[in-house]
Amino acid sequence: MPGFAAVPVALALCAGLLTGPSPAGARTDCRAGPSGCYGLYTYGYSLGLHPFTGAHAVREQLTDHFWLFPVSGACPSRIRAGARCELLGGNPVEVEYIGDDFFQINTLPSGHQLGRGMHIRFAFSRTLGFHTLTVRAWQDRPTDCTDEAFCTTANSAFAWVTWRVLAQTLRFSAYAA
């Protein structure tokens, strides 16, 4: 089974996300989810078979041991909602939400290479003992990068590789969760 292979599910899952801006006058809160926002990518990664570990335990292990995150930079080892820190390379983010089986970060206005208002959600699920990590990214509004094909492609490729490293790490560390 190709457990390490990531499967871009952007075409299937993001089809409804790429609808463009909301109608004039409508306000969209992009923090809660990508509906009406600018979808960037959605990737799914297998974390392997962990029949005795729930999705919550895998999420908790990562948020309580954030040094496992491949670009943790100057962040504390345990992250909490509302916390601000800098990911590798001096990219400031805020932890927007931590749910039972997911957590979500948001890029901050000053200094993040990808600009402000990019949300990335890391969701964990388990079916018949097989765990999956789904990483979805979207923005509040288009940026110079989202309007340029090369930049969008480079960002998506970098993200795919980075989150694949995270998935490989969690594939093994989930046994300790």
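Helix H3, which spans residues 149-173, gives the most to the lining of the largest cavity, with 3 residues. This assignment, like the others reported here, rests on a predicted model. The cavity that H3 helps to enclose holds about 60 Å³ of space, and the count of cavities of 30 Å³ or more comes to 2. Its lining is made up of Leu-40, Leu-114, Met-118, Gln-139, Thr-143, Cys-145, Thr-146, Thr-152, Asn-155 and Ser-156. By residue class, this lining divides into 4 nonpolar and 6 polar residues, with no charged residue present.

Helix H3 also figures in the largest pocket, where the largest share of the lining, 6 residues, comes from this helix. The volume of the largest pocket is about 360 Å³, and its lining comprises 17 residues, of which Asn-91, His-112, Gln-113, Leu-114 and Phe-158 lie nearest the centre of the pocket. Strand E6, covering residues 118-127, and helix H3 each supply at least two residues of this lining. The pocket lining divides into 11 nonpolar and 6 polar residues and, again, no charged residue. Leu-114 is thus named both among the residues that line the largest cavity and among those that lie nearest the centre of the largest pocket.

With regard to the fold as a whole, the protein chain contains 3 helices and 7 strands, and, when read along the sequence, these elements follow the pattern β-α-β-α-β-β-β-β-β-α. The chain has 177 residues, of which 44% count as buried.

On the surface, a nonpolar patch is formed by Leu-49, Leu-128 and Phe-130, which together present about 330 Å² of accessible area. Of these residues, Phe-130 is found in strand E7, which runs over residues 130-139. The relative accessible area of Phe-130 is 37%, and this residue is therefore classed as partly exposed, since that class lies between the limits of 20% for buried and 50% for exposed residues. The value for Phe-130 also satisfies the requirement of over 30% relative accessible area that applies to residues of a patch. Strand E7, to which Phe-130 belongs, ends at residue 139, and Gln-139 is in turn one of the residues lining the largest cavity.

Methods: Residues are numbered from 1 along each chain as its sequence is written. This is a predicted model: local features need pLDDT of at least 70, side-chain atom pairs count only at pLDDT 80 or more; totals for chains, interfaces and linings use all residues. Side-chain values use heavy atoms; hydrogens and water are left out. Patches are made of residues with over 30% relative accessible area and no salt bridge: like charges are joined within 9 Å, nonpolar side chains (Val, Leu, Ile, Met, Phe, Trp, Tyr) within 5 Å. Accessible areas come from the Shrake-Rupley method with a 1.4 Å probe; for residues, only the protein chains shown count as cover. A salt bridge is a side-chain nitrogen of Lys or Arg within 4 Å of a carboxyl oxygen of Asp or Glu. Helices (H or I, at least four residues) and strands (E, at least two) are DSSP runs, numbered from the N terminus. Buried means under 20% relative accessible area, exposed over 50%, partly exposed in between (1.4 Å probe, protein chains only). On a 1 Å grid over the protein atoms alone, a cavity is a set of points where a 1.4 Å probe fits but cannot get out, and a pocket is an open set with protein on both sides within 12 Å along at least five of seven lines; lining residues have an atom within 4 Å of a point. Grid points are joined across faces, edges and corners, and a volume is the space filled by probe spheres set on the points. Ala, Val, Leu, Ile, Met, Phe, Trp, Tyr, Cys and Pro count as nonpolar, Asp, Glu, Lys and Arg as charged, and the others, Gly among them, as polar.
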